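Subject: Structure for you to look at

Hi,

Here is the structure I promised to pass on. Have a look at it first, and then read on for my notes on what turned up.

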Amino acid sequence: MLKANKISHHFETLLYQNLNLEVLPTESIAILGVSGSGKSTILNNLSTMLKPIKGTVNLFEYENIYSLSPKKLLEIRRYDVGIIFQSHYLFRGFSGIENLKISSILSGQKIDGDLLEFLGIQKILHQNVAELSGGQQQRLSIARVLTKKPRIIFADEPTGNLDSTTAQNVMQVIFEYIKNTKSILILATHDEGIAKKCTRVFRLQNKSLLEY
C-alpha cells in the first residue's frame, strides 16, 4: 500500500534523512516526536503533497509517485487519499451537510448516516460551520474525509481539539474504518495513549524514524 525509500527533507535545517517505511493493508502507523521535528512534513511527503528532497514514495500500484503527472496526483488525492489536518479547513459560509455533499460529489461516494451518528454530529449538520465549536468542526472534518472512502488516511493531530473521551471515540471510528475497508492509517500525534492503539509506533528523533 505504501513504501518510502530513503526519503530526506529539509527547510532551513535538515529534518530527517534516509527514512524507510513500508505499510500493509489494515495497518495503522503512529509517528511520535516533539514539535518541529518533522512529523507533519513526513505526512506531506507520503501523501502526494510535498516531494521529498531525496528518496522515493510508492503508493498503491504507483512507483515513485512524484514522477507522475500533476493531473494523476490530483486524481489520487481526490479518490484514494484522505488527509485530516490539524486545522479543519472546512468551507466557510457553508453548512455542515454542504461540506459533506462536496466531498460526496467529488469522490462519487454516498454520505454514511451511521458514520455521522458515531461521530455525534448528525444534529449540527444544518448549522453554518462558523457556528460550530472547535470540536464539532474537527469531527465534521473527519467525517468529510471518511465520506470519500479513502484507501489511505493521513492524520495530523486529528484529536487535538477534542476532549479525551471524544478523542477516544473518534479514533475508534477511524480504526474501525481501517479494519473494515482494509485501508491504512498514518498518524502524527503527541498522544502516546492513542499511539499505542496503533499497529506500530515510531518516534522521530535525531533525524531518524525509530520503531518502538
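A residue is called buried here if its relative accessible area is under 20%, exposed if that area is over 50%, and partly exposed in between. Please keep in mind that this is a predicted model.

With that cut-off in hand, let me begin with strand E6, which covers residues 152–156. Five of its five residues are buried, so E6 is largely enclosed by the rest of the structure. Ile-152, Phe-154 and Asp-156 point one way from the strand, while Ile-153 and Ala-155 point the other way. Asp-156 is thus listed among the buried residues of E6.

What lies on either side of E6? Strand E5 (residues 81–84) and E6 pair in the parallel sense, over four bridges. Within that pairing, Ile-84 has Ala-155 of E6 as its bridge partner. E6 also pairs in the parallel sense with strand E7 (residues 184–188), this time over five bridges. There, Ile-153 stands opposite Leu-185 in E7, and Phe-154 stands opposite Ile-186 in E7.

These strands belong to an open sheet of six strands, in the order E5-E6-E7-E3-E8-E9, with mixed pairing. Its edge strands are E5 and E9 (208–211), each of which pairs on one side only. On average, neighbouring strands of this sheet are turned by 20 degrees against each other, direction ignored. Two helices that pack on the sheet are worth pulling up in your viewer. Helix H1 (residues 39–46) touches E3, E6, E7, E8 (200–205) and E9, and its direction makes about 155 degrees with that of E6. Helix H6 (residues 164–181) packs on the sheet too, touching E3, E5, E6 and E7, and its direction makes about 145 degrees with that of E7. E6 and E7 are thus touched by H1, and E6 and E7 are touched by H6 as well.

There is also an open sheet of three strands, in the order E2-E1-E4, and its pairing is antiparallel. Strand E2 (14–23) and strand E4 (54–59) are the edges, each pairing on one side only. The twist from one strand to the next averages 15 degrees. Strand E1 (residues 2–10) is joined to E4 by five bridges, and the two run antiparallel. One pair to look up there is Leu-2, which stands opposite Leu-59 in E4.

Since you will probably want to check backbone torsions, here are two residues to look at. Asn-18, which lies in strand E2, has a phi near 55 degrees, a positive value in a residue other than glycine. At 48% relative accessibility, Asn-18 counts as partly exposed. Thr-26 also has a positive phi, of about 75 degrees, although it is not a glycine. Thr-26 is found in the loop between E2 and strand E3 (28–32). With a relative accessible area of 40%, Thr-26 is partly exposed.

Next, a helix pair. How are H3 and H5 placed against each other? Helix H3 (residues 96–107) and helix H5 (residues 134–147) pack at an angle of about 20 degrees, with their axes 8 Å apart. Angles under 35 degrees count as roughly parallel, and H3 and H5 are therefore roughly parallel to each other. Their crossing is right-handed. From H3, the residues that take part are Gly-96, Asn-99, Leu-100, Ser-103, Ser-104 and Ser-107, and they meet Leu-140, Ala-143, Arg-144 and Thr-147 in H5. By class, this contact has three nonpolar, six polar and one charged residues.

One last residue is Arg-78, in helix H2 (residues 70–79). Arg-78 is partly exposed, with a relative accessible area of 38%. Which residues does Arg-78 contact, leaving aside its neighbours within four places in sequence? They are Ile-105, Leu-106, Ser-107 and Lys-148. Ser-107 is also one of the H3 residues that meet H5. As for Leu-140, which is on the H5 side of that helix contact, its C-alpha atom and that of Arg-78 are separated by 18 Å, with the two residues 62 apart along the chain.

Happy browsing, and best wishes!

Key: Residues are numbered from 1 along each chain as its sequence is written. This is a predicted model: local features need pLDDT of at least 70, side-chain atom pairs count only at pLDDT 80 or more; totals for chains, interfaces and linings use all residues. Side-chain values use heavy atoms; hydrogens and water are left out. Two strands pair if DSSP finds at least two bridges between them. Axes are lines fitted to C-alpha atoms, for helices over the stretch in contact, and angles run from 0 to 180 degrees between N-to-C directions. Angles under 35 degrees count as roughly parallel, over 145 as roughly antiparallel, 65 to 115 as roughly perpendicular and the rest as oblique. A crossing is left-handed if the near helix is turned anticlockwise from the far one by less than a right angle, and right-handed if clockwise. Contact means heavy atoms within 4.5 Å. Ala, Val, Leu, Ile, Met, Phe, Trp, Tyr, Cys and Pro count as nonpolar, Asp, Glu, Lys and Arg as charged, and the others, Gly among them, as polar. Buried means under 20% relative accessible area, exposed over 50%, partly exposed in between (1.4 Å probe, protein chains only).
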